[in-house]
Amino acid sequence: MPERLGYRVKRLLLGPPLVTAQLREETLSKPVALGVLAPDCISSSAYGTEQMLTQLLPVAGMAGFALVMPVTGVILALLLLLTLSYRDVVTTYTRAGGSYVVARENFGPRTAQIAAVALLIDYVVTVAVQTAAGTDALASMAQLLLHTDIGPDKLWISVGVLGLLCYGNLRGIREAGKAFSVPTYLFVAAAGLTVVVGLVRLAAGSLPRLGTAELHAVGAVPVGTPGDGLLMGASLFVLLRAFANGGSSLTGLEAISNGVGAFREPRGVNARRTLVVMSAVLGGLVLGISALAWWTHAIPYTSGSPTVLAQEAHLVFGGSAPGQAMFALVQVATALILYTGANTSFNGFPFLAGFVAEDSFLPRQLTQRGHRLAFSNGILVLTAVSLALLLVSRGNLTHLVSLYAIGVFTGFLMATAGLAKHHWQRRGRHRTVKTAVNAAAAAASAAVVVVFVVTKFTEGAWLVVVVFPVGVWALIRTNERYRNEAEALEAAPATATGATRPRHVVLVLVDRLDLAVLTALRYAHTLRPDGLRAVHVALDTAHAEHLRRCWEASRAADVPLDLVECPDRRLHRAIARLAGRTTADGRTQVTLLIPRRSYGPVLGRLLHARSGDSIAHAVSRLPHTAATIVPFDVSAAVREHRHGGPPAASSRCP
């Protein structure tokens, strides 16, 4: 059989299909797992400090640089608390799923949909945030190293990267593997070296502070004008806003728990140790970058570039050739880990969506693997929503962060609250301590969600506040629909040998005389019915009369053609009434055969109506009536006719 054009194009773009036997689970050692699962988390250090300063400097002025350290301290304390809790998560639940599995096991599947929506939102926003931040890193290098402003093109660079990530994942690139861990270790080395060298130079008194003349020369505009050191009205509300933005530093912390199934045995122990290392690296980088920002007065800019980290690296390594090379390395490493962090969502979102769909809370199409064994439907959904976010926000990182923490910390809340309940109900070792730690982490996560909703509501958080309950409601309604359908189907007789009516009549619906109708008539004869008739619903009297004459002159004349008047042009109702009249004697079972002509996938659907499915749906609700679609591939018949196949004149109306 010739392959469809769409399949041939898919094979050309994505490569040959992979068979199910090639699907295998790849387990990871601790070093590789850290590199593969941690990019989303560790890379958030590249913009966490900057997002705090975007809230502090416009109000507090120069004092904002002093305030960034206490805010960083609170965030690191929260990091410690969440790390202790998630050590418990990966030890107790050694299968993939993270907060969704914890919530489902402890609160039930319906409540677990809160965690599902939180994680799905987190994955979507992560793609947009990481790609935008990665492009900001490249734009910073262009500004500070090449003195070139690529600001107008940043959005389209991010869109291009998103397209490449989508394409690569549709081809079936695997997240697991040493190649995907390289950007993580490269960034940790480059950013870590920046922090170490910067702190050494600070201790030696040789670390300069930022001069803005060079930045203004390439068109950079700061988010606020630093004042003379006075707080200038800074309040608790401003500190809370800075804390809310800085909370983006903790995104990705759940990645280890979502991928714990990828670890080698003993999974729980290896995942726990890897989580501790990841948190330590994240905490060290956030603290170091905040300390350098405090001294260097690196300022966030409205365009997103140059970034605070880029300014720090530029000052730390200086303007010499080796210094410029190190600066370029830091920026390339930052862009790579941010883009790799975006790619983790292309692995996590489709798997989580498939996991939720298996529980019948999302459409089951999300459980199907595609051409290259990837969850293609989930990948396409993630790409579409992330692309919309990038376009609406114009790739502005600060605007995107406003959508971030609600989903992230709601996921933290569900996981930690679930663990607290788990330990409270079981009398295991250290029950009181574990319950207290997880309860404290849950309370802190809930507080962050409240702070974020209150302080960032007008900056975009309102969208998540609206979408979140709607999403939970939609998932629960989807599950109810699936359950109702399953119950209705299970209520059918357990056997197919129930009482049947003694007489079987087959009605072949005819709109015109052609090969599709003749094929349906041939099939009708194989059913050996007690009665066989062709039926035409007369929407147009002239066309009906013309069809009758053609029918009588054709080889189909051995089957009688009935013309059913339909003056109100309600086609479906006329067919349903016909079926009802036929079965009204209490002895007759009716089968409707509906010829369906299949055309090309795009142009054919534009040029031809497809009413067969809707007719079948309308009559399927009638008792003692069945509808069968009889397909006929018109495209194949056209190809055969062009290549000298048998003529179709025998079915053509004279």
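In the predicted model, helix α8 (residues 154-170) and helix α15 pack against each other at an angle of about 45°, their axes lying 10 Å apart, and the two helices are therefore oblique to each other. In passing α15, helix α8 makes a right-handed crossing. On the side of α8 the residues that take part are I157, V161, L162, L165, C166 and N169, and these meet Y339, A342, N343 and F346 in α15. When the residues of this contact between α8 and α15 are sorted by class, 8 are nonpolar and 2 are polar, while none is charged.

Helix α15, which spans residues 321-358, also packs with helix α16 (residues 376-393), here at an angle of about 120° and with the axes 8 Å apart. Since angles from 65 to 115 degrees count as roughly perpendicular and those over 145 as roughly antiparallel, that angle makes α15 oblique to α16. The crossing in which α15 passes α16 is right-handed. S345, F346, F349 and P350 are the residues of α15 that meet α16, where their partners are G378, I379, V381, L382 and T383. The residues of the contact of α15 with α16 comprise 6 nonpolar and 3 polar ones, with no charged residue among them. F346 of α15 thus appears in the contact with α8 and in the contact with α16.

A further helix pair is formed by α4 (residues 45-60) and α5 (residues 63-92), which pack at an angle of about 140° with their axes 9 Å apart. Helices α4 and α5 are therefore oblique to each other, and their crossing is right-handed. To this contact α4 contributes T49, M52, L53, L56, L57 and A60, whereas α5 contributes A63, G64, F65, L67, V68, V71, T72 and I75. By class, the contact of α4 with α5 holds 11 nonpolar residues and 3 polar residues, and no charged ones.

Besides these helix pairs, the model contains an open sheet of 5 strands, arranged in the order β3-β2-β1-β4-β5 and paired in the parallel sense. Its edge strands are β3 and β5 (625-633), each of which pairs on one side only. Strands that are neighbours in this sheet are turned against each other by 30° on average, when the direction of the turn is ignored. In general, the strands of a sheet pair through backbone hydrogen bonds, and the pairing may be either parallel or antiparallel.

Within the sheet, strand β1 (residues 503-509) pairs with strand β4 (residues 588-598) in the parallel sense over 6 bridges, and V506 stands opposite T591 in β4. Helix α21 (residues 515-526) packs on the sheet, where it touches β1, β2, β4 and β5, and the direction of α21 makes about 145° with that of β4. Strand β2 (residues 531-538) is joined by 5 bridges to strand β3 (residues 561-565), and the two strands run parallel. In this pairing, A534 stands opposite L561 in β3. Together with helix α22 (residues 541-553), strands β2 and β3 make up a right-handed β-α-β unit.

Methods. Residues numbered from 1 in each chain as written. Predicted model: local features only at pLDDT ≥ 70, side-chain atom pairs only at ≥ 80, totals over all residues. Heavy atoms only, no water. Axes fitted to C-alpha atoms, helices over the stretch in contact; angles between N-to-C directions. Helix = DSSP H or I, 4+ residues; strand = E, 2+ residues; numbered from the N terminus. Parallel < 35°, antiparallel > 145°, perpendicular 65-115°, else oblique. Left-handed = near helix turned anticlockwise from the far one by under 90°. Contact = heavy atoms within 4.5 Å. Nonpolar A, V, L, I, M, F, W, Y, C, P; charged D, E, K, R; others polar. Pairing = 2+ DSSP bridges. Right-handed = clockwise from strand over helix to strand, strands pointing away.
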